[in-house]
Amino acid sequence: MDTNTLSRPVTVTMQCMHITIRQAGVEDHERIASLARETFVDSFAADNRPEDMAAYLEKAFSPSIQAAELTEPSSRFLIAETGGKPVGYARLVEVLAPPCIKAKKPIQLSRLYARKRSIGSGVGAALMTACIEEATRRRYDGIWLGVWGKNIRAIRFYSQWGFVQVGTQPFVLGNDRQTDLVLWLPLDVPPR
């Protein structure tokens, strides 16, 4: 993924909420780490053991790890803000896709989270729109993701956007080996 910034910040108004989507920079590493930890805990703590959650949070969402991920050329973070405050984020990343993805140039949506109080307010839709626009602009032929099979709300959200299940893959949370559904969304990339 090249290091060009978004062609323009995306601003949308949904359900009485003004949402701005912008590309995150390395200076946002602490903001992303805090937002990532908060949204991951809100999404999964009730259904997982505390020791597995703690191990995963330390491995995946420390400020230093987020700083490193923000500087990876293959990674793109988008932050959703209202009134200058972060309410959600997404990460697109070029990684080796699982064998069930049969595309020439796919990109992974590795994270898309909204703060608990912002769920249902359009933050997820604004982030998804920005991710699809970014992937299309960069000429990816589709977006794939892994979603926990027990996360019914997320599965419903992705299916509303046209994602379909094409396989499964393991996900390790601490010491707990879980199964993620692999979802795929083909993109219509215009010819050059």
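Buried here means under 20% relative accessible area, exposed over 50% and partly exposed in between, with a 1.4 Å probe and protein chains only. This is a predicted model, in which local features need pLDDT of at least 70, side-chain atom pairs count only at pLDDT 80 or more, and totals for chains, interfaces and linings use all residues. Residues are numbered from 1 along each chain as its sequence is written, and side-chain values use heavy atoms, leaving out hydrogens and water.

**View A. The two sides of helix 3 (residues 63-71).** Q66, A67, E69 and L70 are the buried residues of this helix. They cover an arc of only 165° around the axis, so they lie on the same side of helix 3; the arc is that of the directions from the helix axis to the C-beta atoms. S64 and T71 are exposed on the other side. Helices (H or I, at least four residues) and strands (E, at least two) are DSSP runs, numbered from the N terminus.

**View B. Partners of the buried side of helix 3.** Here the buried residues of helix 3 pack against helix 1, helix 2, strand 3 (75-82), strand 4 (85-93) and strand 5 (106-114). Contact means heavy atoms within 4.5 Å.

**View C. Where helix 1 meets helix 2.** Look for R37, F40, V41 and F44 in helix 1, which meet M53, Y56, L57 and E58 in helix 2.

**View D. L35 in helix 1.** L35 is buried, with a relative accessible area of 0%. Not counting residues up to four places away in sequence, L35 touches P86, G88, Y89 and R115. L35 and V87 are 52 residues apart in sequence and 8.0 Å apart in space, C-alpha to C-alpha.
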